[in-house]
Amino acid sequence: MQDYQEILKKVLISEDKLQTRISALAEQINHEYKDSEGLILVCVLRGGIMFLVDLMRQLNIRHSVDFMAVSSYGIGKRSSTGQARISLDLNTDIGDRDVLIIEDIVDSGRTMNSLLQLLNSRQPKSLEVCVLLNKSERREVDFPIKYVGFEIANEFVFGYGLDLDEYYRNLGFIGIVDLEKYEVEE
């Protein structure tokens, strides 16, 4: 495995900027869900976990957490296959509950659109999306995103929960991959 510094083109979003924006999102969520009788944060694994943890530390409203693993990428892939595969489903009944999906990144939108359709079929009271990174210029399927951390250009990014072939999720910042220097492991 290469050292991340060898493949880092540049830091896109610093740790300080991440935490400042997450605080602002938490403030908005605290305000808008203050009367909710049971907000459920549904974290999409694995990329959303760091975002979820930092976000929920700043929530002062009543909420619970559940997890889903949904994937449309594979190791060595740089774009979504468009085929959403659920490998871990919710343990919680979301019927008549406020649900907020916590996701690391949305680009084509195909995976999130599939997830929204699935969760809507379970009849939640409300269903919204909170995404850390939005690549709106890559969008192929449109749907509303209520909370957006950052709009980013069509760059391949890693760090702060986002992996590069399952590595580098632990970085405290989000960086752009220098694809000319990155060697895909077989």
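I began with arginine 122, which is partly exposed at a relative accessible area of 28%. The model I am reading is predicted.

**Arginine 122 and its partner**

I looked up what the side chain of arginine 122 meets, and found aspartate 89 in a salt bridge, 2.7 Å from N to O. Aspartate 89 sits in the loop between strand E4 (85-88) and E5, and arginine 122 in the loop between H4 and E6, so the pair ties together parts that are 33 residues apart in sequence. I checked the accessibility of aspartate 89 as well: at 32% it counts as partly exposed.

**Other salt bridges**

I noted the total for the structure, which is 9 salt bridges. Next I went to arginine 169, which forms a salt bridge with aspartate 163; the closest N and O atoms are 3.5 Å apart. Arginine 169 is buried, its relative accessible area being 18%, while aspartate 163 is partly exposed at 24%. I then asked which residues are linked with Arg169 in a network of salt bridges. They are Arg46, Asp163 and Glu166.

I also looked up lysine 181, whose salt bridge goes to aspartate 178, with the closest N and O atoms 3.9 Å apart. The cut-off for a salt bridge is 4 Å, so I kept this pair on the list at 3.9 Å. Lysine 181 is partly exposed with a relative accessible area of 48%, and aspartate 178 is buried at 14%.

**Helix H4**

I listed the buried residues of helix H4 (residues 110-120): Thr111, Met112, Asn113, Leu115, Leu116 and Leu119. To place them I recalled that an α-helix has 3.6 residues a turn, so residues three or four places apart point the same way. What do the buried residues of H4 pack against? I found strand E2 (39-45), strand E3 (63-71), strand E5 (98-106) and strand E6 (126-134).

**The sheet with E1, E9 and E8**

I traced an open sheet of 3 strands in the order E1-E9-E8, with antiparallel pairing. Strand E1 (8-13) and strand E8 (157-158) stand at the edges with a single partner strand each, so one side of each has no neighbour in the sheet. Between E1 and strand E9 (residues 174-177) I recorded 4 bridges in the antiparallel sense. Valine 11 stands opposite glycine 175 in E9.

**Aromatic pairs**

I looked up the ring pairs, and the count comes to 3 aromatic pairs. The rings of tyrosine 4 and phenylalanine 173 have centres 5.7 Å apart and planes at 55°, so I entered the pair as tilted. This pair links distant parts of the chain: tyrosine 4 is in helix H1 (residues 4-7) and phenylalanine 173 is in the loop between E8 and E9, 169 residues apart. Tyrosine 4 is partly exposed at 23% relative accessibility, whereas phenylalanine 173 is buried at 14%.

For phenylalanine 158 and tyrosine 168 the ring centres are 5.5 Å apart and the planes stand at 80°, so the pair is edge-to-face. Phenylalanine 158 is in strand E8 and tyrosine 168 in the loop between E8 and E9, 10 residues apart. Are these two rings' residues, phenylalanine 158 and tyrosine 168, buried or exposed? I found both of them buried. My last entry is the cluster that ring pairs make of Phe158, Tyr167 and Tyr168.

Definitions and conventions:
Residues numbered from 1 in each chain as written. Predicted model: local features only at pLDDT ≥ 70, side-chain atom pairs only at ≥ 80, totals over all residues. Heavy atoms only, no water. Pairing = 2+ DSSP bridges. Helix = DSSP H or I, 4+ residues; strand = E, 2+ residues; numbered from the N terminus. Buried < 20%, exposed > 50% of the residue type's maximum accessible area, 1.4 Å probe, protein only. Contact = heavy atoms within 4.5 Å. Phe/Tyr/Trp six-rings, centres within 6.5 Å; stacked < 30°, edge-to-face > 60°.
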